[in-house]
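Here are some short exercises to work through with the structure open beside you. Try each task before you read its solution.

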Amino acid sequence: LKTVDEKAPSSYDVLMDLVHKGKAKELLLKLIEKQDSLFKAIQDPEELENTFDLILSLLPKVDGKELSGVVDTVLKQILSEPESENAPFRLKLAGTLYNLLPADAGPVRYTAFFALAQYASQSGQFASVAPVLSRVVAWCAEWKVDAAKARALFLLIQEAHKKKEGNASEAH
C-alpha cells in the first residue's frame, strides 16, 4: 500500500524503467500499439515524425532472436491503413524501420521491404519505392532469400507496375 504522500510512478518513469531494464521490445510494442492515438493527438507533422522516430529508435535495442516477431508486429500496426490520409507518412515510417534493421538481419529486411512495397502498391504510393527497385536483385542475394520469396517480391513489383500503368491509362 502507498501512503498518501507517495505518488504512483508517471508514465515517463514507467517507460524509462523499461529501457533501463533492457526491455526495449516491451516498450516499443507498448508505444506502437498506441499509434492510432498518436496520429489523432499529434497534429504537427514534424512533431509526429519526431515521435515515431523516437519510438522506432528502440528497434536496434531489441534482442536479435526477437527481432523478426517485433518487426512483424510493428509493421502490421504502422501499415494498417492503406487508404489513410497518412499513407505517405506510414510508408515513410516503414522505410525508417527498414533502415534501422541491422545489415545482417537479411530475412527480416526482406520481410520489411516486402511489406513496405506491398503497402506502397495498395496505397497508390508505389512511385516512392521505384528509385530503389534497381537494387532488389542484389538485395535478394544479400538477404539470402530462397527463390520462392524472391519470386513473390518480383511478382509484387510487377503487379504494382501494372496497377500503376492501369491507373495512368485510365486517367487519359
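**Exercise 1. An aromatic cluster**

Task: Find which residues are linked into a cluster by ring pairs.

Solution: Keep in mind that you are looking at a predicted model. The cluster consists of Tyr-98, Tyr-110, Phe-113, Phe-114, Trp-139 and Trp-143, joined by ring pairs. To put this in context, a search over the whole structure gives 11 aromatic pairs.

Now take one pair at a time. A pair of aromatic rings is described by two values, the distance of the centres and the angle of the planes.

- Step 1: Tyr-98 and Trp-143 have ring centres 6.4 Å apart and planes at 75°. An angle over 60 degrees counts as edge-to-face, and this pair is classed that way.
- Step 2: Look at where the two partners sit. Tyr-98 belongs to helix 6 (residues 87–100) and Trp-143 to helix 8, with their positions 45 residues apart in the chain, so the pair links distant parts of the chain.
- Step 3: Check the burial. Both Tyr-98 and Trp-143 are buried.
- Step 4: Turn to Tyr-110 and Trp-143. This pair is also edge-to-face, with 6.0 Å from centre to centre and 70° between the planes.
- Step 5: Tyr-110 lies in helix 7 (residues 106–122), 33 residues from Trp-143 in helix 8, and this pair too links distant parts of the chain. Tyr-110 is buried, as is Trp-143.

**Exercise 2. The two sides of a helix**

Task: Work out which residues of helix 8 (residues 136–143) are buried and where they lie around the axis.

Solution:

- Step 1: List the buried residues of helix 8: Val-136, Trp-139, Cys-140 and Trp-143.
- Step 2: These residues lie on the same side of helix 8 because they cover an arc of only 105° around its axis.
- Step 3: Look at the other side of helix 8, where Val-137 and Ala-141 are exposed.
- Step 4: Add Ala-138, which is also in helix 8. Its relative accessible area is 49% and exposed means over 50%, so Ala-138 counts as partly exposed.
- Step 5: For a sense of distance, select Ala-138 and Lys-23: they are 115 residues apart in sequence, and their C-alpha atoms are 34 Å apart.

**Exercise 3. An unusual backbone angle**

Task: What is the phi of the residue that follows helix 8, and is that residue buried or exposed?

Solution:

- Step 1: Helix 8 is followed by Lys-144, with a positive phi near 60°.
- Step 2: Recall the general pattern: most residues other than glycine have a negative phi. Lys-144 is not a glycine, yet its phi is positive, at about 60°.
- Step 3: Place Lys-144 in the loop between helix 8 and helix 9 (147–171).
- Step 4: With a relative accessible area of 73%, Lys-144 is exposed.

**Exercise 4. Two residues and their neighbours**

Task: Which residues does Leu-59 touch, and which does Thr-96 touch, leaving out residues up to four places away in sequence?

Solution:

- Step 1: Find Leu-59 in the loop between helix 4 (45–56) and helix 5 (67–78).
- Step 2: Leu-59 has 1% relative accessibility, and since buried means under 20%, Leu-59 is buried.
- Step 3: Apart from residues up to four places away in sequence, Leu-59 touches Leu-28, Leu-67, Val-70, Val-71, Leu-97, Leu-100 and Leu-101. Between Leu-59 and Val-70, 11 residues apart in sequence, the C-alpha distance is 8.4 Å.
- Step 4: Move to Thr-96, found in helix 6. At 24% relative accessibility, Thr-96 is partly exposed.
- Step 5: With the same sequence neighbours left out, Thr-96 touches Asp-53 and Leu-56. Thr-96 and Leu-56 are 40 residues apart in sequence, and 7.7 Å separate their C-alpha atoms.

**Exercise 5. The whole chain**

Task: How many helices and strands does the protein chain have, and what percentage of its residues is buried?

Solution:

- Step 1: Count the elements: nine helices and zero strands.
- Step 2: Of the 172 residues in the protein chain, 37% are buried.
- Step 3: Consider contacts between residues at least 6 apart in sequence: 61% of them join residues at least 24 apart.
- Step 4: Finish with the dimensions. The C-alpha trace spans about 70 × 40 × 20 Å along its principal axes.

Methods. Residues are numbered from 1 along each chain as its sequence is written. This is a predicted model: local features need pLDDT of at least 70, side-chain atom pairs count only at pLDDT 80 or more; totals for chains, interfaces and linings use all residues. Side-chain values use heavy atoms; hydrogens and water are left out. Helices (H or I, at least four residues) and strands (E, at least two) are DSSP runs, numbered from the N terminus. Buried means under 20% relative accessible area, exposed over 50%, partly exposed in between (1.4 Å probe, protein chains only). Contact means heavy atoms within 4.5 Å. The arc is that of the directions from the helix axis to the C-beta atoms. Rings of Phe, Tyr and Trp (its six-membered ring) pair if their centres lie within 6.5 Å; planes under 30 degrees apart count as stacked, over 60 as edge-to-face and the rest as tilted.
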